[in-house]
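Pull up the model and keep it beside you while you read. We'll go through it a piece at a time.

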Amino acid sequence: MRLLTGRVTENAAVNAQVFRMGVRMDEPFEFSPGQFVNIRVSEYDVPLLRRPISISRRIDETTIEFLVKVEGIGTRQMGQWSQGTRVDLIGPLGRGFDIEGFDKKAPLLILGGGIGTAPLKGLAQELADRGYERVYVLNGFKEDPYGKEDFKCFEYRVIDESKEPVYVTDYLLSHWGGIAFQGVFACGPMAMLRRVKEIFREGEIPVQISLEEKMACGVGACLGCAVKIKCGNFQHRYQKVCVDGPVFDASEVIFE
Amino acid sequence: MNPLKTDLNGLKLKNPVTVASGTFGFGREYSEFFDLSTLGGISVKGLTLKERLGNPAPRIVETRSGMINSVGLQNPGVENFIREEIPFLRQFDTRIIVNINGDEPEDYARMAQILQRADIDSIEVNISCPNVKSGGMLFGTDPEIAYQLVRRVVENTRHHVMVKLTPNVTDIKVIARAVEEAGARAVSLVNTFNAMAIDIHTQKPVLFRKTGGLSGPAIKPIALRLVYEVYEAVSIPILGMGGITNAEDAIEFILAGASAVALGTYIFVDPMAPVKTLEGIEAYLKEKDVRSLSEIIGKAHE
C-alpha cells in the first residue's frame with residue numbers, strides 16, 4: 001500500500017445511482033481482484049474521511065475502473081468529478097480473492113448483488129485470463145441492471161428483481177443446483193452472503209465472500225472495520241475488513 | 001542546538017510532534033508511509049492487562065468534520081505488546097509512550113509493574129476511554145479516584161508517568177490538579193468527547209454501543225480551550241491534542257500551553273500529516289526567529 005495519485009479519465013452514469021469512473025494512475029498499478037483503494041474525496045476535508053472503494057477492473061497497465069453507488073456526500077462528490085480531476089488514493093489495500101488451486105475445467109461460480117458486482121468484474125477478467133473455462137456468473141439487481149458486457153465468462157445470467165421477483169440465491173438453487181461448482185466467489189448484501197454460505201455449507205465447497213464495513217484508515221491502524229470471525233480460544237474474535245479482508249472464507253465469518 | 005526539542009518533565013522529545021493512542025496502532029502500518037524516526041514520540045494503541053476483543057461493529061461513524069469511534073480497546077494485552085511490539089518500535093529513534101487502561105484501579109498498578117522492566121519511555125495512564133463498560137473514563141471524572149489510581153501507578157514504576165484526561169467533566173482543572181498532586185509528570189489532553197449519531201432510517205443509534213468518542217477537526221477549538229485552562233491550573237507540562245490537522249493547529253496548541261502535540265484522527269485522512277506538521281512548525285520557528293520551542297510554549301497567556 002502506498003499513497004498514490006492519478007487522474008480521472010472518464011466518469012459516466014451507469015444508472016440513476018451508479019457511476020463508472022476510470023482513473024489513470026501516475027505510475028503502473030498492480031492489484032489483485034477484490035482489493036480496494038481508500039480515496040480522498042475533498043482536499044477541504046468535507047467529508048473528512050477517505051472512502052474505501054473496491055477496484056472493479058483493470059483497463060490497462062496504469063488505468064483502473066471503479067463502479068460506485070452514490071450513498072452519501074463522499075460518493076456524490078466523486079460522481080461529479082470530471083475528466084482530469086486529480087485523485088489521491090491509498091492502495092492497493094486488503095486481501096483479494098484467492099484464485100489459486102482450482103481445476104481449469106471445473107465449474108466456478110461468481111455471485112453478485114447490486115453494487116457488489118463491482119469487484120467481480122475484475123475477478124471474471126482474471127479468471128478468463130488464467131484460462132478458467134467454466135465460470136458461471138449470476139448477478140442480481142433490484143432494478144436497472146448493468147455491467148453484463150464486462151463479464152467475460154462461460155455463462156452469464158442477470159436477474160432484474162423489478163421484473164422477475166426472485167433472489168439470485170433462489171435462482172441458483174432452482175436452475176444451477178445440479179452444477180458441481182468447485183469454488184464460489186460472492187459479493188453483495190449481507191443477507192445474500194449469509195444465504196450463499198448456508199447453501200454451500202454442506203458441500204464443503206470453498207466460498208469466498210467480499211465484505212463491506214465503514215472504515216477510517218483503511219490500513220489496519222484504527223480497528224474501526226471489525227468483522228466477527230470464528231475462533232478457538234474465544235467464542236469469536238474480530239478481524240479487520242481492511243487488511244484481513246475484504247475477502248473472507250465464508251465458513252469463518254459469523255453473521256449476526 | 002535543535003530548536004525543536006522539548007521536554008515533558010523528564011520525557012525528552014527531539015521534536016514536539018507525536019501521534020495519539022488508538023490512531024497509530026503499534027506503528028507498523030504507518031511505517032510503510034514514512035520513517036517513524038521522524039516522530040518525537042508514539043503513543044501506542046491502548047493496552048489492558050489481558051487481551052481484549054473490542055466492541056461489535058459498527059464501531060465508527062463519520063460526522064461533520066469528525067468521527068465517532070467505539071472500538072472498545074481491542075488490544076493484545078500488555079505482555080504480548082512487550083514481546084511482539086517493543087522490539088519493532090525500538091528500531092526507530094522515537095519515544096515509546098505506552099497507553100494503559102483497566103477495569104479496576106488496581107489493574108493500572110499491575111500493568112505498571114509488568115512494564116517495569118520493559119524498554120519504554122513513558123506510561124500514559126488512560127483514565128478517559130469512553131468506550132468500555134467498566135473503568136476507563138469513570139476514573140477520570142472523579143478527582144479522588146484519579147488521585148489514588150495515579151498514585152498507585154507512580155509507586156509501581158520507574159518510568160515517566162503521564163495521565164490522559166477526558167474532556168467529559170465539568171472542570172478539567174480539578175482532575176489535572178489531582179493527578180499532578182498524585183505524582184504525574186505530565187498530562188495529555190484531550191481524549192474524545194462522548195457523542196452519538198442516529199440513523200434516521202433505522203431510527204436507532206448508528207454505533208453498536210450507541211455512544212462513542214468524537215475526534216477530528218470538529219473538537220479542535222474545545223480541546224484548545226481545555227489545554228489553555230489546564231496550562232494555568234498546573235505546573236507540569238502538557239501534551240496537547242484534539243483535532244490537529246496541520247502545523248497551524250499544532251502551533252495554536254503550543255501557544256495555548258502544550259509542550260508537545262499529538263496528531264490523531266487526521267492521520268487517517270493524510271498519513272503524511274505528522275511529517276508535514278513537523279516541517280511546518282520548523283518553518284514557523286525560523287520565520288518568527290524563535291531559537292527554541294520553549295520560547296513560545298504558553299505564549300498566548302502573556
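What follows is a walk through a predicted model, taking chain B, then chain A, then the place where the two meet.

Let's begin with chain B as a whole. Its secondary structure comes to 10 helices and 16 strands. The radius of gyration is 18 Å, close to the 19 Å that the globule rule gives for 302 residues, so chain B is as compact as a globular protein of that length. If you'd rather think in box dimensions, the C-alpha trace spans about 55 × 45 × 40 Å along its principal axes. Of the 302 residues in this chain, 57% are buried. Sequence distance is worth a look too: take the contacts in chain B between residues at least 6 apart in sequence, and 73% of them join residues at least 24 apart.

Now for the nonpolar interior. The largest nonpolar core has 169 residues, and B:Val187 and B:Val227 are the ones that touch the most other members. Helix α7 of chain B, residues 220–233, supplies the largest share of this core, with 7 residues. Which residues does B:Val227 touch, not counting those up to four places away in sequence? They are B:Leu189, B:Ile238, B:Gly240, B:Phe253, B:Ala256, B:Gly257 and B:Ala258.

Helix α6 of chain B, residues 172–181, is a good next stop. Here 7 of the 10 residues are buried, so the helix is largely enclosed by the rest of the structure. Click through the buried ones and you'll find B:Ile172, B:Ile175, B:Ala176, B:Arg177, B:Ala178, B:Val179 and B:Glu180; an arginine and a glutamate are on that list. What covers the buried residues of α6(B)? The cover includes α4, α5, β9, β10 and α7 of chain B. After α6(B) comes B:Gly183, with a positive phi near 110°.

Before leaving chain B, find its open sheet of 4 strands, which run in the order β5-β6-β14-β11 with antiparallel pairing. The edges are β5 (60–63) and β11 (193–196), each with a single partner strand, so one side of each has no neighbour in the sheet. From one strand to the next, the twist averages 40°. To see one of the pairings up close, follow β5(B) and β6(B), which are joined over 4 bridges in the antiparallel sense. In that pairing, B:Thr63 sits opposite B:Gly66.

Over to chain A, which has an open sheet of 6 strands in the order β10-β9-β8-β11-β12-β15, and this time the pairing is mixed. β10 (155–160) and β15 are the edge strands; each has a single partner, so one side of each is left without a neighbour in the sheet. The twist averages 15° from one strand to the next. Strands β11 (residues 183–187) and β12 (residues 207–210) of chain A pair in the parallel sense over 4 bridges, and A:Phe185 stands opposite A:Gln208. Helix α4(A), residues 190–201, packs on the sheet, touching β8, β11 and β12 of chain A, and its direction makes about 175° with that of β12(A). Another helix, α3(A) (residues 168–175), lies across β8, β9 and β10 of chain A, at about 140° to β9(A).

On edge strand β15(A), look for A:Asp249. Is A:Asp249 buried or partly exposed? It has 14 C-beta neighbours inside 10 Å, so A:Asp249 counts as partly exposed. Setting aside its neighbours within four places in sequence, A:Asp249 is in contact with A:Pro206 and A:Gln208.

Elsewhere in chain A, strand β4 (residues 51–54) is covered on both faces: A:Arg51 and A:Ile53 are buried on one side, A:Pro52 and A:Ser54 on the other. That fits a simple pattern: in a regular strand the side chains alternate between the two faces of the sheet. β4(A) is joined by 4 bridges to β3(A), residues 36–40, and the two run antiparallel. A:Phe36 stands opposite A:Ser54 there.

Finally, the meeting of the chains: 24 residues of chain A are in contact with 28 residues of chain B. On the chain A side, β13 (226–230) and β14 (236–240) are the elements giving two or more residues, and β13(A) gives the most, with 3. By class, this side of chain A has 15 nonpolar, 2 polar and 7 charged residues.

Notes
Residues numbered from 1 in each chain as written. Chains lettered and ligands numbered in written order. Predicted model: local features only at pLDDT ≥ 70, side-chain atom pairs only at ≥ 80, totals over all residues. Pairing = 2+ DSSP bridges. Axes fitted to C-alpha atoms, helices over the stretch in contact; angles between N-to-C directions. Contact = placed C-beta atoms within 7 Å. Nonpolar A, V, L, I, M, F, W, Y, C, P; charged D, E, K, R; others polar. Rg over C-alpha atoms; globule rule 2.2 N^0.38 Å. Buried ≥ 20, exposed ≤ 12 C-beta atoms within 10 Å, placed from the backbone. Core = buried A, V, L, I, M, F, W, Y, C linked by C-beta atoms within 7 Å.
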